[in-house]
Amino acid sequence: MTERNIGPKWLSNAIFYEIYPQSFRDTNGDGIGDLNGVIEKLDYIKDLGCNALWLNPCFQSPFLDAGYDISDYYQVAPRYGTNEDMKRLFDEAHRRDMHVLLDLVPGHTSIEHKWFKESCKADPNPYTDRYIWTQGWFEVPEGYNALCGVSEREGCCVVNFFSHQPALNYGYYQPDKPWQQGMEDPGPTATLEAMKDVMRFWLSMGCDGFRVDMAGSLVKKDVEGKGTIALWRKVRAFLQAEFPDAAMVSEWGEPDKSLQGGFHMDFLLHFGPSHYNDLFRCEHPFFGGDGDASAFVAKYVDSYEKSERKGLICIPSGNHDMDRLARTMQGVRQKIAFAFLLSMPGAPFIYYGDEIGMRYVEGLHSVEGGYRRTGSRTPMQWDHSANAGFSAASPEKLYLPLDAAADRPTAQDQMGDEDSLRSEIRRLIALRQAHPALGNLAEIDFLPIAENAYPLAYVRSAPQEKLLVILNPSDRAVTLPWDRPLGPAVYALGGKIQKTENGLSVAPLSAGFYAID
Ligand code: NOJ
Ligand code: CA
């Protein structure tokens, strides 16, 4: 087993806020968010209690996948500002004791990247093997999609996601075709070195680490992930030597693998085996009041045990790829969902606007390759001024239309209301920071939960204290077997939770955190 690597100290109490830069705050009236807008709102984020940011890609790009199609890893996209603005953002964040993760997209580039243009050429050059090309133009790579008909050279190019995102070549785990290269071959080795240079560049400027896009997909035909784990271990060795304080969080969804690869934390996601969707986004989500958490708990415990009980599994409120949380739950249920998100191990991630219950905007046409995701990417609703305070542009120039509902939530209203979702989240974050047992690295043990049963309950423990967390987002009064003493509540929401002869009686729509021995 790999040695426990818990990363830089700040990560152990980091609470992240994810910013989709297009839609956060536009300061120059062009209808699109920018880095100055992020700097302007740092105090808002800090006031919520978040002390770290993850920014979706802000680099030069044709934006056919919202910036996940990079054409220059070394340049901030002009629409967001300049590299100097990025440096200023790092400095301003650090001044507030906050940290910034950029989005590293190591798996593919845009077709407009100069590496790809060079790689398309018939004459051999340093980029000939930067991407994965098959031998003949008719040969489609088994198991992957391909981009064909664009090159001077022979062959089709493997793509990672959309057809305009050619896959960078990190090799095949076990090559079995003449055109497939091994992980140690010169092409794949040069690709990895190039990606290390990208990391070096931003880390030297002051970036605190990366959220890594599709981290589990780099080595091809690597079913068990062994090659990809080995590749990330090389990156870990490089970071350990040059940037030991850089934080690495993977979009992988299999913590037992990613943590072995040297990542500090991994996300549970709406795809993959985590059962994350059972809780928030399915026909009957658990936090919607009529669903099942037992499969989630079983899978979580499995990953937790396999990764040596490391509390390094991040559960996001949402992100730019999934429907807004508010689509499946409202009111007190949203608050109970956040009582869960903010009492679990791993660093919590709050997607911009989820703290005010921003809604999924239905019926939008796809923008920048968003497709269904577009409805979760609309402008932040700050206040009641023009364009909800997002931008001074005329409404038709906005990156995306605002939620048109007359009662759309705003940050301003919620900041002035003690009963708002934002105020509840603010209290929960303060509580998390005050209680070692709620910390990112403190342990968790679930109480048994049957299929479709409520409540969800677990014990969080640190050497100094233990807390019992009880969450009942259902309409039913339920009983939790519990024969030990129950200390005072450090947090209570909604209906009552009381000790009875049979255990704890838990009122409908309630949550509570209790000190225990
Ligand atoms: C995952 C990102 O979160 C998503 O937005 C993107 O489209 C794909 N990776 C491809 O980079
Ligand atoms: Ca702007």
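**Exercise 1. Find how many bridges join strand β14 to strand β15, and the direction of the pairing.**

Solution. Seven bridges join β14 (residues 456–462) to β15 (residues 465–472). The two strands run antiparallel. Strands here are DSSP runs of E, at least two residues long, and helices are runs of H or I of at least four residues, both numbered from the N terminus. Two strands pair if DSSP finds at least two bridges between them. Now take one residue: S461 stands opposite K466 in β15.

The model is predicted: local features need pLDDT of at least 70, side-chain atom pairs count only at pLDDT 80 or more, and totals for chains, interfaces and linings use all residues. Residues are numbered from 1 along each chain as its sequence is written, chains are lettered from A and ligands numbered from 1 in the order in which they are written, and side-chain values use heavy atoms, without hydrogens and water.

**Exercise 2. Place β14 and β15 in their sheet, and find the edge strands.**

Solution. Start with the order: β13-β14-β15-β20-β17. These five strands form an open sheet with antiparallel pairing. β13 (443–446) and β17 (489–494) each have a single partner strand, so one side of each lacks a neighbour in the sheet. From one strand to the next, the twist averages 20°. Next, add a helix. α9 (residues 294–306) lies across β13 and β14 and runs at about 140° to β13. Such angles run from 0 to 180 degrees between N-to-C directions, with axes fitted to C-alpha atoms, for helices over the stretch in contact (heavy atoms within 4.5 Å).

**Exercise 3. Do the same for the sheet that holds β19.**

Solution. Three strands form this open sheet, in the order β16-β19-β18, again with antiparallel pairing. β16 (478–480) and β18 (497–500) stand at the edges; each has a single partner, so one side of each is left without a neighbour in the sheet. Here the twist averages 30° from strand to strand. Four bridges link β18 to β19 (residues 503–506). T500 stands opposite G503 in β19.

**Exercise 4. Describe the surroundings of ligand 1.**

Solution. First, list neighbours, with a heavy atom within 4 Å. Among them are D65, Y68, F161, E251 and R377. Next, sort the shell: three nonpolar, two polar and seven charged residues. Then look for polar contacts (N or O pairs within 3.5 Å). Oxygen atoms of ligand 1 lie 3.0 Å from a side-chain N or O atom of H108, and 3.1 Å from one of R211. R373 has a polar side-chain atom 3.0 Å from a ligand oxygen. Last, the cover: the protein hides 98% of the 300 Å² of accessible area that ligand 1 has on its own (Shrake-Rupley method, 1.4 Å probe).

Definitions and conventions. A polar contact is a pair of N or O atoms within 3.5 Å; within protein, one must be able to donate a hydrogen and the other to accept it, and residues adjacent in sequence count only if both atoms are side-chain atoms. Ala, Val, Leu, Ile, Met, Phe, Trp, Tyr, Cys and Pro count as nonpolar, Asp, Glu, Lys and Arg as charged, and the others, Gly among them, as polar.
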